[in-house]
Each structure stands twice: as C-alpha cells, then as structure tokens.
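User: I'd like to go through this model and hear the reasoning behind the labels. Could you start with the empty space inside?

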Amino acid sequence: MQTSSQIITRSAASFGAADPFLLDHLLKEKTGEKYAYCHGKFLLECPEGVELVRCADLRDPGLFDRIIDRFAARHGNADRRAVVSMWTMYYFSTLVIGAAVYWLELRRKLPLEPDGMAVCLDPLTGEPQKFVLPSAGEVAEQLDIHSGLSSLVTGHILPLVHAIAVNGSVSPRLIWSNVAAYLAWIVEEIGRLTDQSLAEEGRGLVHSANWPNGLRNPMAGLMQPGPDDHGDGACRRRICCLRYTLPGVPGCGIVCPLPGGRA
C-alpha cells in the first residue's frame with residue numbers, strides 16, 4: 001500500500017487475499033443475517049469506483065481538509081464543526097460496529113492498525129463507506145476485549161481523534177462521544193441478539209473509567225441512562241453531535257441531549 005498523504009484512486013488493488021469477502025463469509029457462517037449491515041464493510045481487496053486513503057494519512061491536515069471540503073459541499077453553508085462531526089459518524093460507526101461484532105461474536109482479532117488499512121471514500125462526496133484490511137486477522141479466544149480490540153481503540157481511534165480534533169477545530173470529547181454512541185449501541189444489540197454476557201463484556205470497554213493499560217477511558221461517562229419520551233430507560237449522549245444543525249439532516253432522536261435535536 002502506498003504511504004503518500006495523497007488520495008489514492010484504485011480500481012482493484014489486491015491485498016493478496018484469495019477471497020476479498022472472506023470476513024463476510026465467516027460472519028454469515030456464524031451469525032447468519034443478524035448483522036447484515038456489516039456485510040461488505042470490511043474487505044480484503046479494494047472494490048471498483050472508490051477512492052482509497054490509508055487511515056494513518058487522515059492525520060495529515062491538508063489531506064483531511066480536502067476530504068472535508070468535498071463532504072461539506074453537500075451541506076451548503078453549515079457549521080464546519082457539524083460537518084466534521086457528521087463525517088466522523090460515518091467513519092467510526094462503520095469501524096467500531098464491525099470490529100465489535102467480529103470480536104464479540106467470532107473472537108476474531110482484526111488488524112486495525114491505521115498504517116496497514118485503508119478507508120474507501122465516495123469519490124464525489126468523500127463520505128467513508130467501508131474499509132480494506134491487510135488480512136482477516138486471527139481467532140484469539142484467550143484474549144479479553146481490551147486486548148482483542150487494542151489495535152482499534154488505542155492504536156487507531158486514539159491518535160485519529162486527536163488529529164481530527166486539531167485539524168477540524170472540534171472538541172475531542174465530541175468525537176469520542178460519536179465513537180461511544182455507536183459502540184454502546186452495538187454492544188447492547190449483540191447482547192439482545194445473542195447473549196447478555198457479551199454485552200456485559202462490551203460495556204467494560206465503553207464505560208469503565210480506565211482501561212487495563214492505565215489509560216483514562218475517554219468514552220467513560222459520555223453515554224448515560226435517561227428516560228425516553230415514554231418514560232422508559234434509554235441511553236443518551238452527554239454531548240450533542242451537532243448533526244441536527246445540518247440542513248436536511250434529522251436529529252438523533254432520544255439519544256440527543258438537546259430537545260431540539262430529538263426531532
């Protein structure tokens with residue numbers, strides 16, 4: 001894979017995989033169609049008609065700014081902070097939902113280091129669509145979730161959130177809140193669909209004050225219980241993602257901490 005900070009356009013860049021959809025097949029074999037929204041999101045070969053950017057290169061200010069410029073064009077004169085936040089929601093929702101499913105359901109430790117994987121962007125809008133991994137990883141049942149997802153959380157998300165916060169002039173807590181919202185959702189969804197013990201395992205990654213390596217967990221406290229419109233318990237963000245300020249984009253519903261964003 002190229003290491004330039006320029007956008008890479010490829011039509012069929014093979015990473016040496018015999019089956020570019022191997023991860024899809026492994027997931028379907030174990031879980032059927034329970035996680036159909038994950039299919040096609042983690043590939044071992046670049047598909048046709050996308051722009052491929054090495055994930056580590058997203059920390060380059062110039063490259064990131066050009067991508068956000070394209071993404072912002074679809075939102076008119078919207079607050080750029082909201083545009084950056086929305087872009088990260090596409091990026092991190094795909095990344096963390098897939099990674100959590102593969103770990104909790106298959107105990108598969110994926111190679112999610114940003115130097116070795118790439119994101120596929122819509123060539124017109126710059127919207128993140130899927131990821132290309134260098135391999136299918138390995139089953140590692142002896143590891144706990146913190147070790148199994150260390151390449152995701154501390155290797156990939158931690159440095160990228162810092163860079164996006166600086167380059168996009170947004171709060172790192174806002175971006176971490178976007179990460180936490182999707183990770184907390186999929187953890188509970190896995191518990192609902194498969195086994196509550198898996199949800200309990202995932203909650204430790206999202207909600208614990210500190211990780212086992214001693215680092216403070218930047219997601220801790222960002223998702224909190226709160227009554228929904230019917231008086232039932234629901235998980236609500238502490239920090240608004242700002243998406244409701246984008247023209248034509250609906251709010252987050254009950255998870256939004258602001259009444260104006262729940263439409």
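Analyst: Sure. The largest cavity holds about 40 Å³ of space. Keep in mind that this is a predicted model.

User: How many cavities of 30 Å³ or more does a search of the whole structure find?

Analyst: One.

User: Which residues line the largest cavity, and how do they split by class?

Analyst: The lining is made by A99, R108, L110, L112, G148, L149, S151 and L152. Sorted by class, that gives five nonpolar, two polar and one charged. Gly counts as polar here, so G148 goes in the polar group, and R108 is a charged residue because Arg is on the charged list.

User: What about the largest pocket: what is its volume, and which residues lie nearest its centre?

Analyst: Its volume comes out at about 340 Å³. There are 14 lining residues, and A181, W185, M223, C235 and V255 are the ones nearest the centre.

User: Which elements each supply at least two residues of that lining, and where does the largest share come from?

Analyst: Helices α6 (172-193) and α7 (196-207) and strand β9 (233-237) each do. The largest share is from α6, with five residues. By class, the lining of the largest pocket has nine nonpolar, one polar and four charged residues.

User: On to helix packing. Why is α1 called oblique to α3?

Analyst: Look at the angle. Helix α1 (residues 22-31) packs against helix α3 (residues 80-106) at about 50 degrees, and the axes are 11 Å apart. Roughly parallel needs an angle under 35 degrees and roughly perpendicular runs from 65 to 115. An angle of about 50 degrees fits neither, so α1 is oblique to α3.

User: Which residues make that contact, and is the crossing left-handed or right-handed?

Analyst: The crossing of α1 and α3 is left-handed. On the α1 side you have L23, D24, L26, L27, K30 and T31, and on the α3 side V101, Y102, E105 and L106. The class count for this contact is six nonpolar, one polar and three charged.

User: What makes α3 and α5 roughly antiparallel?

Analyst: Again, the angle: α3 and helix α5 (residues 150-168) pack at about 180 degrees, with axes 12 Å apart. Anything over 145 counts as roughly antiparallel, so the pair gets that label.

User: Which residues meet there, and how do they divide by class?

Analyst: From α3 come V84, W87, T88, Y91, F92, L95, V96 and A99, and they meet L152, H156, I157, L160, V161, I164 and G168 of α5. Those divide into 12 nonpolar, three polar and no charged residues.

User: And how do α3 and α6 pack?

Analyst: Their angle is about 35 degrees and their axes are 8 Å apart. The crossing of α3 and α6 is right-handed. Among the contact residues are M89, F92, V96 and L104 of α3, along with I175, Y182, W185 and I186 of α6. By class, this contact has 16 nonpolar, four polar and one charged residues.

Terms used: Residues are numbered from 1 along each chain as its sequence is written. This is a predicted model: local features need pLDDT of at least 70, side-chain atom pairs count only at pLDDT 80 or more; totals for chains, interfaces and linings use all residues. Side-chain values use heavy atoms; hydrogens and water are left out. Axes are lines fitted to C-alpha atoms, for helices over the stretch in contact, and angles run from 0 to 180 degrees between N-to-C directions. Helices (H or I, at least four residues) and strands (E, at least two) are DSSP runs, numbered from the N terminus. A crossing is left-handed if the near helix is turned anticlockwise from the far one by less than a right angle, and right-handed if clockwise. Contact means heavy atoms within 4.5 Å. On a 1 Å grid over the protein atoms alone, a cavity is a set of points where a 1.4 Å probe fits but cannot get out, and a pocket is an open set with protein on both sides within 12 Å along at least five of seven lines; lining residues have an atom within 4 Å of a point. Grid points are joined across faces, edges and corners, and a volume is the space filled by probe spheres set on the points.
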